[in-house]
Amino acid sequence: QLAGNYGGAANQVMEQYREHFASQDRRTRDLELLGSLCDQMGELRRLMSDLAAQESLEANDKNLEIVTDTSVMYEAEYRLVEQAQGV
């Protein structure tokens, strides 16, 4: 059940990203919100990793891979938004 909850939480974070950042002008994006999304994905990544260390669940393993890739992408996007905004 934890794996499903973590996957659902990750989907909510990804929905917020799509709504506020996907295909948007980086110069006008809310860097604080993006930082929060990065933090949330990082925390979900940690929780999923902890769960994977306790037991191997196919759904969690698949979600962990997606969350890891997404987390890396969000962090890269954060740096690009900073650069675009001259921060």
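**A predicted three-helix model**

Cys-38 is buried, with a relative accessible area of 9%, and in this predicted model the residue is found in helix H2. When its neighbours within four places in sequence are left aside, Cys-38 is in contact with Tyr-74, Glu-75 and Tyr-78. Further along the chain, Ala-52 lies 14 residues from Cys-38 in sequence, and the C-alpha atoms of these two residues are 21 Å apart in space.

The protein as a whole has three helices and zero strands, and the pattern read along the sequence is α-α-α. Its C-alpha atoms fill a box of roughly 45 × 20 × 15 Å when this is taken along the principal axes. Of the 87 residues of the protein, 30% count as buried. Among the contacts with a separation of 6 or more, 69% are accounted for by residues 24 or more positions apart.

Helix H2, which holds Cys-38, comprises 24 residues that should span 34 Å at 1.5 Å a residue, and the 35 Å between its end C-alpha atoms agrees with this expectation. Besides Cys-38, the buried residues of H2 include Leu-31, Leu-34, Gly-35, Leu-37, Met-41, Leu-44, Met-48 and Leu-51. The cover over the buried residues of H2 includes both H1 and H3.

Helix H3 has 28 residues and reaches 40 Å from its first C-alpha to its last, which is close to the 40 Å expected at 1.5 Å a residue. The buried residues of H3 are Asn-60, Leu-64, Val-67, Thr-70, Ser-71, Tyr-74, Glu-77 and Val-81, and these pack against H1 and H2. Tyr-74 is thus named both among the buried residues of H3 and among the contacts of Cys-38. Just after H3, Gly-86 takes a positive phi of about 70°.

The packing of the helices can be followed pair by pair. Two packed helices are described by the angle between their axes and the distance between the axes. For helix H1 (residues 2-20) and helix H2 (residues 31-54), the axes come within 10 Å and cross at roughly 160°; H1 and H2 are therefore roughly antiparallel to each other, and their crossing is left-handed. On the side of H1, this contact is made by Leu-2, Ala-3, Tyr-6, Gly-7, Ala-9, Ala-10, Val-13, Met-14, Gln-16, Tyr-17 and His-20, while H2 contributes Leu-33, Leu-34, Leu-37, Gln-40, Met-41, Leu-44, Leu-47, Met-48 and Leu-51. By class, the residues of the contact of H1 with H2 divide into 16 nonpolar, four polar and no charged. Among the H2 residues in this contact, Leu-34, Leu-37, Met-41, Leu-44, Met-48 and Leu-51 also belong to the buried residues of that helix.

The axes of H1 and helix H3 (residues 58-85) likewise come within 10 Å, but cross at roughly 30°, which makes H1 roughly parallel to H3. The crossing of H1 and H3 is left-handed. In this contact H1 supplies Ala-3, Tyr-6, Gly-7, Ala-10, Val-13, Met-14 and Tyr-17, and H3 supplies Asn-60, Asn-63, Ile-66, Val-67, Thr-70, Met-73, Tyr-74 and Glu-77. The residues of the contact of H1 with H3 divide into 10 nonpolar, four polar and one charged. Ala-3, Tyr-6, Gly-7, Ala-10, Val-13, Met-14 and Tyr-17 of H1 take part in the contact with H3 and are also listed in the contact with H2.

For the remaining pair, the axes of H2 and H3 come within 9 Å and cross at roughly 155°, an angle that makes H2 roughly antiparallel to H3. H2 passes H3 in a left-handed crossing, and the contact of H2 with H3 has 15 nonpolar, nine polar and five charged residues.

A further point of backbone geometry concerns Ser-23, whose place is in the loop between H1 and H2. Most residues other than glycine have a negative phi. The phi of Ser-23, however, is near 60°, a positive value in a residue other than glycine. At 82% relative accessibility, Ser-23 counts as exposed, whereas Cys-38 in the helix that follows this loop is buried at 9%.

Note on methods. Residues are numbered from 1 along each chain as its sequence is written. This is a predicted model: local features need pLDDT of at least 70, side-chain atom pairs count only at pLDDT 80 or more; totals for chains, interfaces and linings use all residues. Side-chain values use heavy atoms; hydrogens and water are left out. Axes are lines fitted to C-alpha atoms, for helices over the stretch in contact, and angles run from 0 to 180 degrees between N-to-C directions. Helices (H or I, at least four residues) and strands (E, at least two) are DSSP runs, numbered from the N terminus. Angles under 35 degrees count as roughly parallel, over 145 as roughly antiparallel, 65 to 115 as roughly perpendicular and the rest as oblique. A crossing is left-handed if the near helix is turned anticlockwise from the far one by less than a right angle, and right-handed if clockwise. Contact means heavy atoms within 4.5 Å. Ala, Val, Leu, Ile, Met, Phe, Trp, Tyr, Cys and Pro count as nonpolar, Asp, Glu, Lys and Arg as charged, and the others, Gly among them, as polar. The expected span of a helix is 1.5 Å times one less than its number of residues. Buried means under 20% relative accessible area, exposed over 50%, partly exposed in between (1.4 Å probe, protein chains only).
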